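Here are my notes on the model you sent round. They are set out as numbered points, starting with a term that the later ones rely on.

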Amino acid sequence: MTTLHGKGSVLYMSPGTGAAVKITEAADWTIDVDFDKDPDPALGDTWETRLKGLLRFTGSFAGNFDDAQDDLWDATVATTVSKFYLYPDSGTATRYYYGNIWPQVSVAGGVAGKETFTVAFEGDGQLAKNPA
């Protein structure tokens, strides 16, 4: 097992259609996996039990705003899902997470600091891992 440093991560995303491209200036990312937990009570039970339901994933990525890259904007206004590929260690090209997402972009800036972007996303279907 290897401990990874975040500086080696790389993110690719399709702008709705077409090939996935590297998201330049990306600096932070999260992926969150969740699922439904439905109560499963029966007469006479003393303790509550639950059933695991549908899985889902959400997440975000953020970084320095690059006004020369339109891919985040194009993905946000697209009418189709975007594909994403996250490599936690760019030196290991065979290990990555991938799936379809609906991204929402936010750009911020001001006189007190650099301009940044944030993308929050919801998954559409399975979050997969290579190798599985």
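1. Two residues are in contact here when they have heavy atoms within 4.5 Å of each other. With that cut-off, and not counting residues up to four places away in sequence, isoleucine 101 touches Met13, Phe57, Val81, Ser82, Phe84, Phe121, Glu122, Gly123 and Asp124. The coordinates come from a predicted model, and the points below should be read with that in mind.

2. Isoleucine 101 sits in strand S6, which covers residues 96-110. Its relative accessible area is 0%, so isoleucine 101 counts as buried, the limit being under 20%. Glutamine 126 is 25 residues from isoleucine 101 along the chain, and the two C-alpha atoms are separated by 9.8 Å.

3. On secondary structure, the chain has one helix and eight strands. Their order along the sequence is β-β-β-β-α-β-β-β-β.

4. The largest nonpolar core contains 13 residues, and Met13, Phe61, Leu72 and Phe84 have the most contacts inside it. At least two residues of this core come from each of strand S1 (10-13), strand S4 (50-64), helix H1 (71-77), strand S5 (82-87) and strand S7 (113-123). S7 gives the largest share, three residues. Two of the residues named for their contacts inside the core, Met13 and Phe84, are also on the contact list of isoleucine 101.

5. Which residues does phenylalanine 61 contact, leaving aside its neighbours within four places in sequence? They are Leu11, Met13, Asp28, Trp29, Leu72, Phe117, Thr118, Val119 and Phe121. Met13 and Phe121 appear in this list and among the residues that isoleucine 101 touches.

6. On overall dimensions, the radius of gyration is 18 Å, whereas a compact globule of 132 residues would have one near 14 Å. The C-alpha trace spans about 65 × 35 × 35 Å along its principal axes. Of the 132 residues, 23% count as buried.

7. Contacts that reach far along the sequence are well represented: among those between residues at least 6 apart, 61% join residues at least 24 apart.

8. On surface and charge, the accessible surface of the chain is about 9,000 Å², and carbon and sulfur atoms account for 53% of that area. The side chains include 10 positive and 18 negative ones, and the centres of these two sets are 8 Å apart.

Technical notes:
Residues numbered from 1 in each chain as written. Predicted model: local features only at pLDDT ≥ 70, side-chain atom pairs only at ≥ 80, totals over all residues. Heavy atoms only, no water. Core = buried A, V, L, I, M, F, W, Y, C linked by side-chain atoms within 4.5 Å. Buried < 20%, exposed > 50% of the residue type's maximum accessible area, 1.4 Å probe, protein only. Helix = DSSP H or I, 4+ residues; strand = E, 2+ residues; numbered from the N terminus. Rg over C-alpha atoms; globule rule 2.2 N^0.38 Å. Areas by Shrake-Rupley, 256 points an atom, 1.4 Å probe, with all protein chains shown as cover. Lys, Arg positive; Asp, Glu negative; His and termini not counted. Charge placed at Lys NZ, Arg CZ, Asp CG, Glu CD.
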